[in-house]
Amino acid sequence: MGLLVNWMMAALDRLADEAAVRVSVQATQGSVPRGPGTHMLVFARGEEGTIGGGHLEFQALAHARRLLAGELVPSHLRQVLGPSLGQCCGGVVELTMERVDAEDVERLHTLLMPPRSPLALFGGGHVGRAIVNTLAPLPFAVRWIDSRDEIFPNDVPADVDCEHSNPVQAAVADLAPGSRVLIMSFSHAEDLDIVVACLKRQRERGDLPFVGLIGSHTKWATFRHRLEDRGFSAEEIAHITCPIGVPGITGKEPEVIAVAVAAQLLQSL
């Protein structure tokens, strides 16, 4: 599930055996490292998550451990991010602290786990694998689809839903509403079939906010002409993003492409 989710699961796993203090950003003013709703769990030894680092977090950790040790200290801490903390943000952070233990695991699971946007990735090749691993820490619920049997690796991140679909474009019909779509199958023919299925769904439902196709400008020019021949308007075709990835990143390595695509997806949220 990646770093974002993993720290939460790691924290909850530890909480089943040892008490902790949940430190939460309750309110902020001005420029601050993290916003309201940010949490971390502080244990007697070590912590999971972060409220922004620096001296702010150092002070919060010390305060939380005093609370954890049973000292009568306030459960509310107000920190001004100025010279006294060695931080020049200039804002104000109000923190709340709550002692928690195994009885709170279920409640904290609901509180801490972030909502994730549905995303369908068509293609189990090298770039697809790199993108799945890069998206694992990010707020996406990934459905990974391919027409080939036994294409998915054994070490797929937890909560990634792997699906065999033949024909592959048939999976487009039952994607979750609001799904973002990435298309990078093993063949241009399959890519085109998936693009067509996405455009037809978009025409009928208008519920795919981002449809991205891997490829060069030359590939896209060819696809654009074929889509026009199939009766799609220029406005409909403009809904497809190709090439994918934020501009300015020129590397072709799968991991580089994955970072560029992940950044673009985050911009689309």
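Me: Why is no bond assigned between the sulfur of C198 and the closest cysteine sulfur, in C242?
Reply: The two sulfur atoms are 13 Å apart, too far for a bond, since a disulfide is a pair of cysteine sulfur atoms within 2.5 Å. This is a predicted model, in which local features need pLDDT of at least 70 and side-chain atom pairs count only at pLDDT 80 or more, while totals for chains, interfaces and linings use all residues. Residues are numbered from 1 along each chain as its sequence is written, and side-chain values use heavy atoms, with hydrogens and water left out.

Me: What rules out a bond for the sulfur of C162?
Reply: The closest cysteine sulfur to that of C162 is in C198, at 19 Å, and is too far for a bond. The search of the whole structure finds 0 disulfides.

Me: What makes C198 buried or exposed, and what makes C162 so?
Reply: Buried means under 20% relative accessible area, exposed over 50%, and partly exposed in between (1.4 Å probe, protein chains only). C198 has 0% and is therefore buried; C162 has 31% and is therefore partly exposed.

Me: Into which of those classes does E150 fall, and why?
Reply: E150 has a relative accessible area of 80%, so E150 is exposed. E150 lies in the loop between β7 and β8 and has a positive phi of about 55 degrees, although E150 is not a glycine.

Me: Why are helices α5 and α6 called oblique to each other?
Reply: Helix α5 (residues 188-205) and helix α6 (residues 217-229) pack at an angle of about 50 degrees, with their axes 11 Å apart. Angles under 35 degrees count as roughly parallel, over 145 as roughly antiparallel, 65 to 115 as roughly perpendicular and the rest as oblique. The angle of about 50 degrees falls in the rest, so α5 and α6 are oblique.

Me: Which residues make the contact of α5 with α6?
Reply: Contact means heavy atoms within 4.5 Å. On α5 the residues are H188, D191, L192, V195, V196 and L199, and on α6 they are K219, F223, R226 and L227. By class, 6 of these are nonpolar, 1 is polar and 3 are charged.

Me: Which residues of helix α4 are buried, and what covers them?
Reply: In α4 (residues 126-135) the buried residues are V127, G128, A130, I131, V132 and L135. Their cover includes β6 (117-122), β7 (140-146), β9 (180-183) and α8 (254-268).

Me: Where are P167 and P243, and what joins each to the residue before?
Reply: P167 is in the loop between β8 (161-164) and β9, and a cis peptide bond with omega about 5 degrees joins N166 and P167. P243 is in the loop between β11 (240-241) and α8; C242 and P243 are joined by a cis peptide bond with omega about -5 degrees.

How values were computed:
Axes are lines fitted to C-alpha atoms, for helices over the stretch in contact, and angles run from 0 to 180 degrees between N-to-C directions. Helices (H or I, at least four residues) and strands (E, at least two) are DSSP runs, numbered from the N terminus. Ala, Val, Leu, Ile, Met, Phe, Trp, Tyr, Cys and Pro count as nonpolar, Asp, Glu, Lys and Arg as charged, and the others, Gly among them, as polar.
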